[in-house]
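Grab a coffee and work through the exercises below with the structure open. Each one sets a task and then walks through a solution.

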Amino acid sequence: MFAHRGKWIPSFSKKIIPLLADGSFPLSQEAVSAFQSLKDDIDRASLTAIEDDIPFRLETYASDFAIGATLSQAGRPIAIFSRPLNKSEQRHSSIEKEAYAIVESLRYWRHYLIGRHFEVFTDQRSVAFMFNQQHQSKIKNEKILRWRLDLTCFKFDIIYRPGSRNAAADAFSRICASGSFHVKSTN
């Protein structure tokens with residue numbers, strides 16, 4: 001995940017050494033510090049990169065214990081969001097968790113996305129169906145209907161993509177789920 005974004009981080013190969021050298025889990029304090037430093041570097045590089053004429057891409061993922069998302073433009077990361085699910089949210093079905101990852105990330109990045117058309121990528125076919133505006137009358141789940149109503153102010157296309165091709169959001173949700181990190185980018 002960092003390797004893809006490394007081209008925007010000064011001295012990336014030097015900064016990632018403590019993280020790569022640590023083969024233990026939980027991570028050592030040096031590895032945690034390296035992770036935080038790299039994450040901060042991505043935030044700094046990302047926030048200066050937003051361009052008005054390039055559409056956003058949102059990639060989301062949910063695990064059993066966390067949700068994650070990345071926001072990018074033309075392959076360049078803009079922001080990263082991840083948070084653990086509380087006990088109640090952990091009891092949601094996997095489809096609801098995936099949908100919730102979309103809802104929460106759109107709420108979190110509302111200030112970037114309102115008034116702009118963008119793409120949302122999910123690794124859950126049924127979630128892509130649920131949030132597709134053309135299937136409005138076929139949804140019977142009240143929670144999903146409420147979420148769809150919350151998202152009516154956004155203009156987006158939702159696209160199914162297998163999880164194996166959604167590595168960045170997946171990695172952040174899994175890191176967050178480990179309990180070692182709570183990742184939220186600065187806005």
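β4 and strand β5 (residues 155-160) pair in the parallel sense over 6 bridges. Before going on, a word on the ground rules: this is a predicted model, where local features need pLDDT of at least 70, side-chain atom pairs count only at pLDDT 80 or more, and totals for chains, interfaces and linings use all residues. Residues are numbered from 1 along each chain as its sequence is written, and side-chain values use heavy atoms, with hydrogens and water left out.

**Exercise 1. Work out the strand order of the sheet and find its edges**.

Step 1: Get the elements straight. Helices (H or I, at least four residues) and strands (E, at least two) are DSSP runs numbered from the N terminus, and here there are 10 helices and 5 strands.

Step 2: Follow the pairing, which needs at least two DSSP bridges between two strands. Strand β1 (residues 56-62) runs parallel to β4 (residues 117-122), with 3 bridges joining them.

Step 3: Use residue partners as a check. Glu119 in β4 sits opposite Arg57, and its bridge partner in β5 is Asp157. Thr122 has Tyr160 as its partner in β5.

Step 4: Write out the order. It reads β3-β2-β1-β4-β5, an open sheet of 5 strands with mixed pairing. The edges are β3 (76-84) and β5, each pairing on one side only. From one strand to the next, the twist averages 20°.

**Exercise 2. Find which strands helix α6 touches**.

Step 1: Locate α6 at residues 94-108 and look for contacts, meaning heavy atoms within 4.5 Å. The helix packs on the sheet and touches β1, β2 (66-73), β3, β4 and β5.

Step 2: Check the direction. Axes are lines fitted to C-alpha atoms (for helices, over the stretch in contact), with angles from 0 to 180 degrees between N-to-C directions. The α6 direction makes about 140° with that of β1.

**Exercise 3. Describe the nonpolar cores**.

Step 1: Pick the buried residues, those under 20% relative accessible area (exposed is over 50%, partly exposed in between; 1.4 Å probe, protein chains only). They make up 48% of the 187 residues.

Step 2: Join them up. A core is a set of buried Ala, Val, Leu, Ile, Met, Phe, Trp, Tyr and Cys residues linked through side-chain atoms within 4.5 Å. The largest has 32 residues, and those with the most contacts inside it include Leu71, Trp109 and Phe131. Helix α6 gives the largest share, 7 residues.

Step 3: Zoom in on Phe131. Leaving out residues up to four places away in sequence, Phe131 touches several partners, among them Ala99, Trp147, Phe156 and Ile158.

Step 4: Don't miss the second, separate core of 11 residues, which includes Phe2, Ile16, Ala34 and Ile42.

**Exercise 4. Track down the backbone oddities at Pro26 and Ala74**.

Step 1: Recall that most residues other than glycine have a negative phi, and most peptide bonds are trans.

Step 2: Look at Phe25 and Pro26, joined by a cis peptide bond with omega of about 5°. Pro26 lies in the loop between α3 (17-21) and α4 (29-47).

Step 3: Move to Ala74, in the loop between β2 and β3. Its phi is positive, about 50°, although it is not a glycine. Ala74 is exposed, with a relative accessible area of 68%.

**Exercise 5. Decide where to go easy on the details**.

Step 1: Start with pLDDT, the predictor's confidence in each residue from 0 to 100. The average is 80, and 77% of the residues score at least 70.

Step 2: Compare elements. Helix α10 (residues 167-177) has the lowest mean, 50, and helix α5 (residues 87-90) the highest, 95. Over residues 176-187 the pLDDT is below 50.

Step 3: Conclude. Where pLDDT is low, the predicted coordinates should not be read in detail.
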